[in-house]
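Colleague: I have a model open and would like to learn how to read it, from a single side chain up to the whole fold. Could you walk me through it?

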Amino acid sequence: MSFKYNRLDKDKAAVLFVDHQSGLLSLVRDYSPDEFKNNLLALADIAKYFKLPVILTTSFEQGPNGPMVPELKNMFPDAPYFARPGQINAWDNEDFVKAVKATGRKQLIIAGIVTDVCVAFPTLSALEEGFEVFVITDCSGTFNAAVRDAAWLRMQNAGAQLINWFAAGSELQRDWRNDVEGFGKILGDHLPIYANLIQSHSSVQSQK
């Protein structure tokens, strides 16, 4: 069986933040609240650092799902934003899909709440239309590990790549020599254990 390694490319990728809403955050039980928020903001920092097109969407935000978490809207004030009136699958919203296609990007980085619905449904729809989809596992949350794992299997079997924010950022970065300080700062800000490496590197560099 042949295998082709399709890597994330900063010139081909766009990021879709799907239903990261204040009410839905309470449904995330496969990550702690602090861990999940940190992961989400790390992905946002990566999107901004690599200047990737970003699209934001919410579902029924006037109801119990609530508004999008303010950090995302504040970080991407000019990003296309779609408050879907009722469509559960974001891909059923024509304006959202038009915005995705308008980016001209064929690699879609998707994260959202909940994994089995708000992430899985548009992932399957996008795959059907010929997009490459990279699901950011640790920026997507749901009720429990069993539900999450079933959703992962469903998406993976359809052709989606499952990847965490750290691996996605590293794949986009390609080479440390592209910018040690800039990319390193993102890792140090969101991974305390990695901050030690960055501090060590900075110390060595300052002594040269």
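Colleague: Let me start with Asn 89: does it count as buried or exposed?

Modeller: Keep in mind that this is a predicted model. A residue counts as buried under 20% relative accessible area. Asn 89 has a relative accessibility of 10%, so it is buried.

Colleague: Where does Asn 89 lie in the chain?

Modeller: Asn 89 belongs to the loop between β3 and α3, the latter covering 94-102.

Colleague: And which residues is Asn 89 in contact with, leaving aside neighbours within four places in sequence?

Modeller: They are Arg 84, Phe 121, Pro 122 and Ser 125. With Ser 125 there is also a polar contact between the two side chains, at 3.0 Å. In addition, a polar atom of the Asn 89 side chain lies 2.9 Å from the backbone nitrogen of Trp 91.

Colleague: Now the sheet. How do I read the pairing of strands?

Modeller: In general, strands of a sheet pair through backbone hydrogen bonds, and the pairing is either parallel or antiparallel. Here six strands make an open sheet with parallel pairing, in the order β3-β2-β1-β4-β5-β6. At the edges are β3 (81-84) and β6 (161-163), each of which pairs on one side only. On average, neighbouring strands of the sheet are turned by 25 degrees against each other, direction ignored.

Colleague: How many bridges join β2 to β3?

Modeller: Four bridges join β2, residues 54-59, to β3, and the two strands run parallel. To see the register, look at Thr 58, which stands opposite Ala 83 in β3.

Colleague: Which strands does helix α1 touch?

Modeller: Helix α1, residues 33-49, packs on the sheet and touches β1 (13-18), β2, β4 (107-112) and β5 (132-136). The direction of α1 makes about 150 degrees with that of β1. Helix α6, residues 165-173, also packs on the sheet, where it touches β4, β5 and β6. The angle between the directions of α6 and β6 is about 105 degrees.

Colleague: Finally, how is the protein divided into domains?

Modeller: Domain 1 takes 13-174 and domain 2 takes 176-207. Their centres, taken over C-alpha atoms, are separated by 27 Å. Across the two, 13 residues of domain 1 are in contact with eleven residues of domain 2.

Colleague: What does UniProt list for residues 14-164?

Modeller: An unreviewed UniProt entry lists them as "domain: Isochorismatase-like". That span is 40% helix and 19% strand, and its end C-alpha atoms lie 16 Å apart.

Conventions:
Residues numbered from 1 in each chain as written. Predicted model: local features only at pLDDT ≥ 70, side-chain atom pairs only at ≥ 80, totals over all residues. Heavy atoms only, no water. Pairing = 2+ DSSP bridges. Axes fitted to C-alpha atoms, helices over the stretch in contact; angles between N-to-C directions. Contact = heavy atoms within 4.5 Å. UniProt positions renumbered as here; feature names shortened; annotations may be inferred. Buried < 20%, exposed > 50% of the residue type's maximum accessible area, 1.4 Å probe, protein only. Polar contact = N/O pair within 3.5 Å; in protein donor to acceptor, adjacent residues only side chain to side chain. Domains from an automatic or database assignment.
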